[in-house]
Amino acid sequence: MADKKITALTDLGNAIASEDLLHVIDDPSGNPVNKKISVANFFNNIPTFVALDGTPHLCDTVSEAIDVATSVTHINTTAGAHAGIMADGVNGQIKVITMIVKGGSNNSVVTPTNASGFTSLTFGNVGDTVICIFTNSKWHILALKGASITPDIVTSASVAASLDTPVTQIDSSGGTIAMTLADGHPGQVKTFVMTTAGNNATLSQTLGNLNSTAVSTSIVFNAVGETATLVYANGAWIPTSSIGATIS
């Protein structure tokens, strides 16, 4: 094959494989030698730290969107309370958001266009950080420090409580609510709390996922502040504490 410039080679796009080869100049500051390395060996033996892009996006206006073209966003609420959207990313994209300056009592609320298990993220203190990954057409939370997520809120007459959030708030002002809870994962903790009353809300044994020796039929909430916390163990949800809620 005739010599070619790298810029003249065919673009592989996203079809890279672990056995594909990269060009490496070994010992460039001593006796440089052209060598090859597989993609798999390159990523399995990175000899230094891995860093995201060096210039974070600075979000410092009250309605600024979170930039999904950069890896890191810094939030500064000196200008006032912030409320901004976060558009969809690309599959596998990692996004880090950190509050670096809080102006007075000004929080930042970030609302993704599509999110899994939450509606928005609230940053209330310097250092609050969230790391998300965009996959399956939604932003998913990988890690959360300090920042808070909007809890699952149930208002429907018949509803399956979300397994993606640790807390489900109950608003029964519109009528009685019948709730179900699917199988969780071992050690998962789920809390239900009635925040707006008016009618009963019942978490039942419909799916058979409540521990039958602790909950024979249901857990009923009918007043503001009534709470039940459950842990998933041995194939069932087991109540660990309750305030006001009726377990029968």
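This report walks through some strands, a surface patch and a few single residues of a predicted model.

## The β9-β10 hairpin

Strand β9 covers residues 129-135, and strand β10 covers residues 138-145. The two run antiparallel and are joined by seven bridges. Within this pairing, I133 of β9 faces H140 of β10.

The two strands form a hairpin, with two residues between them. N136 sits in that turn. Its phi is positive, about 55°, although N136 is not a glycine. N136 is also exposed, because its relative accessible area is 63% and the cut-off is over 50%.

## An open sheet of four strands

Strands of a sheet pair through backbone hydrogen bonds, in either a parallel or an antiparallel way. Here, four strands make an open sheet. Their order is β5-β7-β8-β11, and the pairing is mixed. The edges are β5 (82-86) and β11 (148-149), each of which pairs on one side only.

At one of these edges, β11 meets β8 (residues 121-123). The two strands run antiparallel, and two bridges join them. T122 stands opposite S148 of β11.

## A nonpolar patch on the surface

Six residues make up a nonpolar surface patch: L22, V24, F42, F43, I46 and V50. Together they have about 520 Å² of accessible area. Two elements, β1 (21-26) and α1 (39-44), give two or more residues each.

V50 lies in the loop between α1 and β3 (57-59). Is V50 buried or exposed? V50 is exposed, because its relative accessible area is 67%, and over 50% counts as exposed.

## D27, a loop residue with positive phi

D27 lies in the loop between β1 and β2 (33-38). Its phi is near 55°. That is a positive value in a residue other than glycine. D27 has a relative accessibility of 36%, so D27 counts as partly exposed.

## D152, a buried charge

D152 belongs to strand β12, residues 152-154. D152 is buried, yet has no salt bridge. Which side chain of opposite charge is nearest to D152? That is K190, 4.4 Å away. A salt bridge needs a side-chain nitrogen within 4 Å of a carboxyl oxygen.

K190 is still one of the residues that D152 touches. Leaving aside residues up to four places away in sequence, the others are A161, S162, T165, V167, T168 and Q169.

Key: Residues are numbered from 1 along each chain as its sequence is written. This is a predicted model: local features need pLDDT of at least 70, side-chain atom pairs count only at pLDDT 80 or more; totals for chains, interfaces and linings use all residues. Side-chain values use heavy atoms; hydrogens and water are left out. Two strands pair if DSSP finds at least two bridges between them. Patches are made of residues with over 30% relative accessible area and no salt bridge: like charges are joined within 9 Å, nonpolar side chains (Val, Leu, Ile, Met, Phe, Trp, Tyr) within 5 Å. Accessible areas come from the Shrake-Rupley method with a 1.4 Å probe; for residues, only the protein chains shown count as cover. Buried means under 20% relative accessible area, exposed over 50%, partly exposed in between (1.4 Å probe, protein chains only). Lys and Arg count as positive and Asp and Glu as negative; His and the chain ends are not counted. Contact means heavy atoms within 4.5 Å.
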